[in-house]
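User: I'm new to this structure and would like a close look at a single helix. Could you walk me through one and then show how it fits with what is around it?

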Amino acid sequence: MVFNTFTTLALTAFALAAPLCKAAPAAPFTQYRRDDPLKFNYSGDKVRGVNLGGWFVLEPWITPSIFEATPDNVVDEYTLCQTLGKSEALNRLSKHWNTWITQDDFNQIAAAGLNHVRIPIGYWSVSPIDGEPYVQGAYEVFGKALDWAQSAGVKVMIDLHGAPGSQNGFDNSGRRGGVGWTQGNTVSQTITALNKIRDDHASHPAVAAIELLNEPMGPSLNMDVVRQFYMDGWGNLQSSKVAITIHDAFEGVTSWNGWGSGMWALLLDTHHYEIFDYGSLGMSPTDHVHTACGFGAQMASNNKWTVAGEWTGALTD
């Protein structure tokens, strides 16, 4: 889920930084149908949450132990499964899926005052493609996770974190390398996975939001195709009582204000990091606060519900 990035970090309305920032006037939010309320009041309540990264989508920096004693070519979940073979990969990953996060973690999340978890999952766990080396079994544990969240009183944003062909070329898409999503039938395969998530889990009382796709790399993609994918995904989910979440595709947090007229229950996810370039690393703590507050003001100017689905307060990488 990330640009190299912090899948495990907080999903939250940027208003959490409010004590350090001047309050920004909130823009009018996109409204959902009044006769079809969602499972969380995104119009009035702040999202305070955390990502459960490294659980169903591997990222080597989050779970380095899984990648220990493997050849140098093993850089993501695809090459791990390809190199280990299905039997050994399933053995390792089954243990991981069943122990990395448990009911107790959800209870601790709730006790900390958080109200959401964002759970990344890859298409290969939901709707596998013949011939690929991935192993299955995560989706069954994922179903248990929704029950754990419900038991703890925490809402879930289901995040389709990896798409066929890779939507961003990052390891968090499942396969590091080129950006092949939108080529061939990869978009329709992504829709197939989203529709299965909808059919299986959109009605679950804990599921408050479904993110159509994490971090599509807009600068490397045809944005007309991305926007059509978002529109089609919204159309398939519009009858579900979930906030239909889109990532800003690295086009800028305010770039989607002119899109989506008439589409209710849209939630925009933007990711904010101040550590992945030399300019950011050279900033003082005061500069970081000012930059973060400025970004929060941009978020507040949006005409859609907006959350920072990933961010970090880290000052170095």
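Analyst: Let's start with a yardstick: the expected span of a helix is 1.5 Å times one less than its number of residues. Keep in mind that this is a predicted model.

Now take helix α2, which covers residues 86-97. With 12 residues at 1.5 Å a residue, α2 should span 16 Å, and its end C-alpha atoms are 15 Å apart, which agrees.

Next, which residues of α2 are buried? They are A89, L93, H96 and W97. Look down the axis of α2 and these buried residues fall within an arc of 90 degrees, so they line one face of the helix. There's a general pattern behind that: an α-helix has 3.6 residues a turn, so residues three or four places apart point the same way. Turn to the face of α2 that points away from its buried side and you'll find S87 and K95, which are exposed.

What do the buried residues of α2 pack against? Their partners are α1 and α5, so let's visit both helices in turn.

Helix α1 runs over residues 77-84, and T79 lies in it. Is T79 buried or exposed? Its relative accessibility is 12%, and because buried means under 20%, T79 counts as buried. A polar atom of the T79 side chain sits 2.9 Å from the backbone nitrogen of V75. Leaving aside residues up to four places away in sequence, T79 touches N73 and V74.

Helix α5, the other partner, takes us to the largest nonpolar core, which has 66 residues. The residues with the most contacts inside that core are L52, F56, F106, V117, I119 and I210. Helix α5 (residues 138-152) gives the most to this core, with 8 residues. As a rule, in soluble globular proteins, nonpolar side chains tend to be buried together. For a closer view, pick I119: not counting residues up to four places away in sequence, its contacts include L52, F56, F106, F142 and A145.

For another helix to set beside α2, try α9, residues 285-300. Its 16 residues reach 22 Å from first C-alpha to last, close to the 22 Å expected at 1.5 Å a residue. Buried in α9 are H288, A292, C293, F295, G296 and M299. Seen down the axis of α9, they fall within an arc of 160 degrees, so they line one face of the helix. Those buried residues pack against β7 (266-272), α8 (278-281) and β8 (305-311).

Notes: Residues numbered from 1 in each chain as written. Predicted model: local features only at pLDDT ≥ 70, side-chain atom pairs only at ≥ 80, totals over all residues. Heavy atoms only, no water. Helix = DSSP H or I, 4+ residues; strand = E, 2+ residues; numbered from the N terminus. Buried < 20%, exposed > 50% of the residue type's maximum accessible area, 1.4 Å probe, protein only. Polar contact = N/O pair within 3.5 Å; in protein donor to acceptor, adjacent residues only side chain to side chain. Contact = heavy atoms within 4.5 Å. Core = buried A, V, L, I, M, F, W, Y, C linked by side-chain atoms within 4.5 Å. Arc of directions from axis to C-beta.
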